[in-house]
Amino acid sequence: MAIWSLKGKKVLIIDDFQEMRVMLRKMIEPLAPDLIKLAQNGIEAIECMEENKIDVVFCDYNLGKGKDGQQILEEAKHLELLAYSSIYIMATAENTSDMVMGAIEYLPDEYISKPFNRTVIHARLKKQLEKKENLNEISQALSVNNYAGAIQLCDKLLNNKASNRLDLLKIKGEQLSNIGEYEKAADLYEDIIEERDIPWAYLSLGKVRYFQQNYDEAIEVLEGLIKENSSNVTAYDWLAKTYEAMNEFGKAQEMLNIGVAKSPKSLLRQRNLAEVAYKNNDIDAAQKAYEHAIQVGQHSCYKKADDYNALAKTLVESGKADEAFNVVEKINKDFKNNANAEMVAAITTGMIHTSKGDQTSAEKTLQDALNLFKQNPQGLSTDIALELTDLCLSSGKDDEAAEITRNLIRNNHDDKKLIEKTKEIYSAAGKSDAGNALIEKTTNEIVDINNKGAHLLKEGKLEESIELFMKAARGMPDNIVVNLNTAYSILMQMQKTGKIKKYSSRVANYLERVHKIDPSNKKYHELMEMLQQISAKAETKAA
Amino acid sequence: MSTTPEFDYSTLLANSIHEVKNSLNMLLNSIDQVLSTSDENNTTNKIFSQIQYEGKRVNDDLVGLLAIYRINNDQYSANIDEYSVREFLQENISQHENMIRNRNIKEALECNDDLYWFFDRDLITGVISNVVNNLYKYTKDKLLISAVKEEGYLVIKIQDNGPGYPENMIVTHDEDNLQTNISFDKANTGLGLYFSKLVAELHKNKGKNGYITTTNDGIDGGGCFSLYLP
């Protein structure tokens with residue numbers, strides 16, 4: 001048997017009991033890692049990961065006050081502090097499947113149940129190290145968003161009768177979805193299911209059907225899954241998503257209710273429930289869900305002041321305007337030194353004053369909000385931006401409203417729902433004409449830019465078109481079409497000049513922006529493939 | 001499923017068990033440290049072994065308790081994954097190595113390297129732990145764990161060369177592989193066998209579910225616990 005060790009690796013141990021930290025260190029020391037760091041809570045842990053490139057994290061799920069093990073993982077992944085090759089092991093006294101089913105995004109690599117001894121830890125670490133090593137090339141491809149490359153590597157290993165067949169199939173399936181090859185992904189999952197009723201294969205199949213917009217099929221698959229595994233919470237999440245896409249908000253809310261009952265500690269899930277309940281006009285349920293979201297999300301990296309604003313709104317709409325003021329106080333308490341939160345607090349206060357008919361106070365807080373807005377105009381979420389617009393219009397600050405609206409539309413000119421909402425706000429303020437005119441003008445500006453750029457491209461004036469698009473992208477960084485066009489024109493440039501290395505990361509950045517906003521965007525997939533092809537050709541030429 | 005909480009037993013159980021498990025973990029690991037640094041079969045170590053043994057039984061009961069509560073209340077979603085059976089069984093045996101050594105039990109593992117199967121690792125660990133901890137008291141000096149694939153099932157057998165299972169602990173199953181005679185009433189068999197039954201039945205594939213049997217065709221007519229997983 002090959003001798004193995006943690007040589008060259010940096011380890012972080014996170015546990016709130018000092019005796020445990022010491023004991024764990026004793027267990028891991030014999031494996032000779034380069035470094036062992038200890039942390040007793042989320043704050044220390046994140047700090048440590050910021051200062052060191054940690055390869056192995058050993059974390060207790062329950063850490064008392066503050067972040068729990070899952071939340072630390074989420075924040076670390078969110079802040080990109082952990083590489084694909086890093087190992088995250090979570091120790092837990094509770095049923096691990098709760099955690100697997102409860103987490104929405106990131107999962108640890110391994111769970112260890114308490115009590116455990118040194119032998120078990122060593123065995124698990126060894127297994128994970130081997131796993132990561134087997135998948136090393138694939139991880140590297142994924143870290144540069146080379147999905148097609150990752151798929152090819154998976155196939156290569158699968159053809160060589162790999163022992164981690166299922167892991168490879170899981171990755172391959174995910175990446176097929178990422179590049180939009182949904183039917184191929186579905187086939188992959190169906191083949192697995194032929195052999196064995198594996199829950200994650202069913203779940204992934206359901207997700208693929210959702211992305212294909214085959215909602216009826218998605219529901220069939222997901223409901224089949226819950227029949228056998230009634231506590232699979234993630235299945236309910238996706239059922240809710242599917243019903244929402246079908247505009248069946250009542251059913252969506254039902255699914256989320258079940259999910260939340262089984263796994264209440266997820267901020268994202270509570271927030272989803274609140275939003276859907278609100279769409280359903282179930283203000284009471286929305287209020288409760290926002291309250292829960294705020295409560296369970298105190299230490300989560302997904303925490304947002306927007307939730308407090310939304311809660312205040314539900315209170316105002318239920319005639320509890322005074323309670324709403326308490327929520328604003330909570331924003332100030334729960335977010336320290338956060339300019340965005342301050343702005344949200346001001347906007348929320350203004351909204352409450354307006355609802356009580358107190359225009360004078362509303363205008364005063366509005367001025368505060370606008371001052372804060374000027375300092376960071378890009379920091380607003382669309383919902384808050386709409387709130388602010390509303391406030392400005394009711395105080396007669398039409399110019400300020402126009403500026404906010406312009407910014408909003410520039411970044412989202414394709415978003416029909418958003419445009420509808422904006423029109424509604426102008427209409428409620430009795431300024432329909434001005435609103436429509438502004439929206440049209442702004443939208444036309446963007447259409448013009450895109451047309452101009454496309455024209456330049458057709459005429460072969462690549463440099464000019466790139467310059468135009470990049471400038472536009474700076475001004476409206478969230479605009480999907482502009483980002484895609486920018487990426488496309490740079491790709492043309494790459495093809496023409498053969499200068500690959502210089503530009504390919506730039507293209508990847510623009511495409512990544514699109515991917516973050518709209519993961520299933522078809523054009524994104526096409527351009528990603530184009531990027532891989534151009535890069536691959538260059539490599540074969542060089543070789 | 002009700003969304004308005006009456007008394008939240010689930011959280012009570014989870015929190016209490018968390019605390020107890022933390023203490024247990026410290027306890028068992030401290031004893032482990034003592035035992036693994038000394039090879040002597042002296043009185044002190046024998047006592048420590050006994051303490052460790054009882055500690056493990058407490059853990060088994062805790063795990064069993066929480067799992068039974070959750071499974072029966074529809075709160076447990078089996079976390080099925082693929083594992084190398086040999087590696088898994090080896091890991092399990094190593095959990096009991098001190099005990100095995102201290103009683104001079106000759107242990108053997110029969111399982112092919114290329115046998116991979118699907119199961120909930122934590123739950124099956126719990127089942128095996130229960131059986132081995134029981135066996136430890138009754139076996140003469142042998143322990144044999146084996147695993148084979150048989151007619152679409154993974155069959156894990158744990159055999160000893162003790163006096164065998166008493167009448168009230170013989171487990172059978174009907175055509176649908178549902179256990180017919182396990183209940184809480186029988187003292188000393190209640191928790192362990194019931195837990196094992198629930199865990200086995202939680203494992204399903206293509207319409208078949210898992211089951212357990214206890215027979216007396218083990219080593220030299222000793223006990224044999226068999227776990228069938230589809």
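Which residues have the most contacts inside the largest nonpolar core? In this predicted model, they are A:Ala312 and A:Leu388. The core itself has 158 residues. Leaving aside residues up to four places away in sequence, A:Leu388 touches A:Ile347, A:Ala369, A:Phe373, A:Leu380 and A:Ile404. A second core is separate and has 30 residues. Among its members are A:Ile13, A:Met27, A:Ile28 and A:Leu73.

The overall dimensions of chain A were examined next. Chain A has a radius of gyration of 26 Å. This agrees with a compact globule, because 543 residues would then give a value near 24 Å. The C-alpha trace of chain A spans about 80 × 60 × 45 Å along its principal axes. Of the 543 residues in chain A, 45% are buried. Contacts in chain A between residues at least 6 apart in sequence were also sorted by separation. Of these, 56% join residues at least 24 apart. The secondary structure of chain A consists of 27 helices and five strands.

Helix 12 of chain A covers residues 233-245, 13 residues in total. From first C-alpha to last, helix 12 reaches 19 Å. That is close to the 18 Å expected at 1.5 Å a residue. Helix 12 is mostly covered, with 12 of its 13 residues buried. The buried set includes the aromatic-named positions A:Tyr236, A:Trp238 and A:Tyr243. It also includes A:Asp237, A:Lys241 and A:Glu244. Just after helix 12, A:Asn247 takes a positive phi of about 60 degrees.The domain assignment splits chain A into domain 1 (10-134), domain 2 (304-458) and domain 3 (460-542). The C-alpha centres of domain 2 and domain 3 of chain A lie 32 Å apart. Across their boundary, 12 residues of domain 2 are in contact with 17 residues of domain 3. On the domain 2 side, helix 21 (398-411) and helix 23 (432-458) of chain A are the elements that give two or more residues. Helix 23 of chain A supplies the largest share, seven residues. By class, this side of domain 2 has four nonpolar, five polar and three charged residues.

Chain B was treated in the same way. Its domain assignment gives domain 1 (9-72) and domain 2 (81-229). Within chain B, 16 residues of domain 1 are in contact with 15 residues of domain 2. Helix 1 and helix 2 of chain B are the elements that give two or more residues to the domain 1 side. The largest share of that side, 13 residues, comes from helix 2 of chain B. The residues on this side divide into six nonpolar, four polar and six charged.

The two chains also meet. In this interface, 32 residues of chain B are in contact with 31 residues of chain A. Five elements of chain B are listed as giving two or more residues to its side: helix 1 (9-36), helix 2 (43-72), strand 1 (80-84), helix 3 (85-95) and strand 6 (204-205). Helix 1 of chain B gives the most, with 11 residues. By class, the side of chain B that touches chain A has 11 nonpolar, 12 polar and nine charged residues.

Definitions and conventions:
Residues numbered from 1 in each chain as written. Chains lettered and ligands numbered in written order. Predicted model: local features only at pLDDT ≥ 70, side-chain atom pairs only at ≥ 80, totals over all residues. Helix = DSSP H or I, 4+ residues; strand = E, 2+ residues; numbered from the N terminus. Expected span 1.5 Å × (residues − 1). Buried ≥ 20, exposed ≤ 12 C-beta atoms within 10 Å, placed from the backbone. Domains from an automatic or database assignment. Contact = placed C-beta atoms within 7 Å. Nonpolar A, V, L, I, M, F, W, Y, C, P; charged D, E, K, R; others polar. Core = buried A, V, L, I, M, F, W, Y, C linked by C-beta atoms within 7 Å. Rg over C-alpha atoms; globule rule 2.2 N^0.38 Å.
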